[in-house]
Amino acid sequence: MTNRTPLVALSGQQNAGKSTLFNLLTGARQHIANYPGVTVDKKYGYFRHQGQSYQAVDLPGTYSLSSFSLEERVARDFLCAEKPDLVINVVDAANLKRSLHLTVQLLEMECPTVLALNMMDVAKKQGIVIDTEALNQYLAIPVVTTVGRKGEGREELCNVIEANTIKASNDPQTTQDKLPEYPALNEAMAVLNTALAPLEARIAELPYRWLKLKMLENDSQIYTKLAEVLSESELSILRDIVTKQRSQFEQQHDTSINDYIAAEREAFIQAMLKAAVNVAPSKGPTLSQRIDKLVLNRVLAPIFLVLTVFMIYQLAIVQGYELTNYTWPYLASMRELVAGLLPEAGFLFDPYTRSLGLWIVDSANTLLNYVPIFLILFALIAILEDSGYMARIAFVVDKILNRFGLHGQSTLPMILSGVFAGGCAVPGIMATKGIPDHRARMATILTVPFMNCLAKVPLYTLLVGIFFEQDKALMMFYISTMTIIAALLVAKLLSVTVLRGEESAPFVIELPRYNLPTVRAVLTRAFERTWIYIKKVGTIVVAVSVVIFTLLQYPGLPQERETFYQQRAEQAVNTFNKKMKNNPYLEIAQGERLVSLVNFYNDYKRAKLNASGAEASRAVNATFEERNPEFYPFVKAPKGDKNAKKANRALRKLVSARKSIRREIKEERLTNSVLGSIGRSLEPATQFAGFDWKINVALLSSFAARESSVATLGVLFQQEDDQNNTLEKRMGDQSNNITSLTAVAMLLFFALYPPCLATTIMVRVQTGQYRWMLLALIFPTALGLGVASTTYTLGMALGVSGITMMSGAYFSGLALLLIVGFYPALKHKLMPGSTPSALSNHGV
């Protein structure tokens, strides 16, 4: 045992099972998927073995330790700076030829390394026999076999970790004699030896041989590291020496140093495989290869992709909404329970705690109602990831995405963000960490908020249901696809302007073997991701709803207006008393009891409306009669009791008058509120899109949380006396001056609207700069308002309907997309792209 906690790093290629082994060791449950590039950040955890604690870190999956991509830089910087006590090099046992390139580079970095041959079960099925003892002798490092997903090999791995961390602590200087020799570089290495000798004390932190190789490879990040400890003149001399040696080498050997080093490593690995690996003769194409002949076929691939999208839409959105019919009654019951615990409503003004409490519950319920949809959606995405098809989707769509400055691995962020009309931009932006092309990554971060996140669906549904009843299918098609058109066009614009100077990299993706997803893994992932969503409801959305509520209530009514409404309330009560004169029930409805009676009446009516069937209706009657026998005759007059019937009529008129007064109070309070004032101040700019102050306020509130738009509209367009008068009917009332053209402008603006508050914060976190966060706010706002204003103004001038202008806007965008994406001269002139490529994962 040691007094300190040894640091163990897990390193390996993407999709080799690092995260699975990390979870096996630490017990952590992090996102594991059969999709390259899932882990980009370093993940930490702890585990114990034989009484000793260890700290484990899961490094990003990389194919090498160059500085080519973000994950390679993260992994290499960690190994150089943190110097872990042991590196567990996790390799795919069925893919040793490609996996061992990283092993060689780890050894060249003088990392104390253990080789973990993972997925041994797959290798055995493919007839691959690995002589671990031969590998041990050839590499001079410990070799252990594991099957991470089945939990096999943990004890053996822990024993090896224990033995080798003790060895490393006793002998920290790791040397490795069995490495590629690079004989053609002897002269260049000798020249660098002479040049670096005077600087040895300052560069001691970097592995000496590896440093020289990286310099000869002209690795830009190495020079950045050297610049931290060397002067500018010293660095310039070294650069000149390397440039001269590279030039001489290319003249003498007719190849570059980089290609030579790669070839020597390949020869070293081939010799090792010949000595240690025996592969049974192939019996024909593997299952993965046979499937790929269909799903990656030039003609069939788009068909499979469209069918996959359609299946996800049908199962998650259509069937998910059906499930909400069963979950909503429970949410409604929860609201009633909370309402019963809060202070009783007043006659005109409710206690602040009651108003705020119900506002929070209603905001949360709006989001929690989507939980069934999210569960299905996340489960389906987990199946795509674990099966290996997600990588194929990325490969298939890369040719299209590349034309617009995006990347094949932009696919997963788009799917998570709602390309299927049911995602969230927050996990979508987080998923961009796996994109190695920095320019494409930035373009993806700035465009995934255009996707149709699930929070946008309520407003889409509301407006389409009101103004496009006869064209629902066409409008939903426009809405579902126009955001993709907008995202691609914006990505292209950003790529040739503000992102033009950013780093670019070719698209290389591993096509993993097809695996049958396990029910446990899929359900675990679905519940974990949904729980993250629920926690967002319980934190961000609740906080935002409090802010919105306060801004809609403050500063409230002036004292003279409160007095005015109080006088009207007193008149309504006096009228009630006159109608109840000489009625024996009048005594029950006096003073504070009158307010309780009114609330009792409203609760009863609401319960009757929610009751389905005669039996449920009778149960409501029994419940309320038991709740307050004295009040019950007011709401359900006994047969033959004329006084009770008169009391019921008088109470109904009082409730109606109270409702009317409360509606006017709320309307005036909202109009004079902080948000109301802001909404009115924006009308000079938004009038060209047909937006009045109410729409402005709703759109402003949706910046905090998209779902707030419909909730805010429900408050602003007040409920009339008739309880069946829905928001759709109230907004569709011609007196509100909202037309189908206004609805189209709202749809277009909302589709192009800047990211919500949570997404904006995530943009800042992922980019690390406020300027990108500000761009993500300002540009979509200007674009959305410009498109909405142009569409509305042009439609008013031409006197055409909303569906006509929506069609015009859609096909104009589609035409522009085709011109920009498929005009080769423009493409090559503005931004030369790289051809997509893929790595298969079939065999050794």
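**Exercise 1. Determine which residue with a positive phi follows helix H8, and decide whether H8 is enclosed or open.**

Solution. In this predicted model, helix H8 is followed by Asn218, whose phi is positive and lies near 60 degrees. The helix itself covers residues 208–216, and seven of its nine residues are buried, so H8 is largely enclosed by the rest of the structure. The buried residues are Trp210, Leu211, Lys212, Leu213, Lys214, Met215 and Leu216, a list that includes the two lysines Lys212 and Lys214.

**Exercise 2. Describe how strands S2 and S3 are joined, and find the residue with a positive phi in their turn.**

Solution. Begin with the pairing: strand S2 (residues 43–49) and strand S3 (residues 52–58) run antiparallel and are joined by seven bridges. Next, look at the end of S2, where His49 stands opposite Gln52 of S3. The two strands form a hairpin with two residues between them, and Gln50, which is in the turn, has a positive phi of about 55 degrees.

**Exercise 3. Work out whether the two faces of strand S5 are covered or open, and how S5 is paired with S4.**

Solution. In a regular strand the side chains alternate between the two faces of the sheet. Applied to S5, this puts Thr113, Leu115 and Leu117 on one side and Val114, Ala116 and Asn118 on the other, and the residues of both sides are all buried. Six of the six residues of S5 (residues 113–118) are thus buried, so the strand is largely enclosed by the rest of the structure. As for its partner, strand S4 (residues 86–92) runs parallel to S5 and is joined to it by six bridges, with Asp92 standing opposite Asn118.

**Exercise 4. Establish how many disulfides the structure holds, and examine the surroundings of Cys111.**

Solution. The structure holds zero disulfides. For Cys111, the nearest cysteine sulfur is that of Cys80, 7.6 Å away, whereas a disulfide requires the sulfur atoms to be within 2.5 Å. Cys111 has a relative accessibility of 6% and therefore counts as buried; Cys158, at 1% relative accessibility, counts as buried too.

**Exercise 5. Classify the ring pair of Tyr478 and Phe811, and say which parts of the chain the pair ties together.**

Solution. The structure holds 15 aromatic pairs. In the pair of Tyr478 and Phe811, the ring centres are 6.2 Å apart and the planes stand at 90 degrees, so the arrangement is edge-to-face. Because Tyr478 lies in helix H21 (residues 472–495) and Phe811 in helix H35 (residues 802–822), the pair ties together parts that are 333 residues apart in sequence. The accessibilities complete the picture: Tyr478 counts as buried at 3%, while Phe811 is partly exposed, with a relative accessible area of 48%.

A second pair can be treated in the same steps. The rings of Tyr585 and Phe634 have their centres 5.7 Å apart and their planes at 75 degrees, so this pair is edge-to-face. Tyr585 lies in the loop between helix H23 (559–579) and helix H24 (592–610), and Phe634 in helix H26 (residues 632–635), so the pair ties together parts that are 49 residues apart in sequence. Both Tyr585 and Phe634 are buried. Elsewhere, ring pairs link Phe600, Tyr604, Phe624, Phe631 and Tyr632 into a cluster.

**Exercise 6. Identify the residues that Asn599 touches, and locate the ring beneath Arg658.**

Solution. Asn599 is found in helix H24 and is buried, with a relative accessible area of 8%. Leaving aside residues up to four places away in sequence, Asn599 touches Glu344, Ala345 and Arg658. Arg658 in turn lies over the face of Phe347, at 5.7 Å from the ring centre. Another arginine, Arg764, lies over the face of Tyr770, at 4.2 Å from the ring centre.

**Exercise 7. Find the mean pLDDT of the chain, and point out stretches where the value is below 50.**

Solution. The mean pLDDT of the chain is 79, and 85% of the residues reach 70 or more. Over residues 719–726 the pLDDT is below 50, and this stretch has 17 contacts in the model beyond near neighbours in sequence. Residues 825–836 also have a pLDDT below 50, and for that stretch the model shows 23 contacts beyond near neighbours in sequence.

How values were computed. Residues numbered from 1 in each chain as written. Predicted model: local features only at pLDDT ≥ 70, side-chain atom pairs only at ≥ 80, totals over all residues. Heavy atoms only, no water. pLDDT = per-residue confidence, 0-100. Contact = heavy atoms within 4.5 Å. Phe/Tyr/Trp six-rings, centres within 6.5 Å; stacked < 30°, edge-to-face > 60°. Helix = DSSP H or I, 4+ residues; strand = E, 2+ residues; numbered from the N terminus. Buried < 20%, exposed > 50% of the residue type's maximum accessible area, 1.4 Å probe, protein only. Lys NZ or Arg CZ within 6 Å of the ring centre and 35° of its normal. Pairing = 2+ DSSP bridges.
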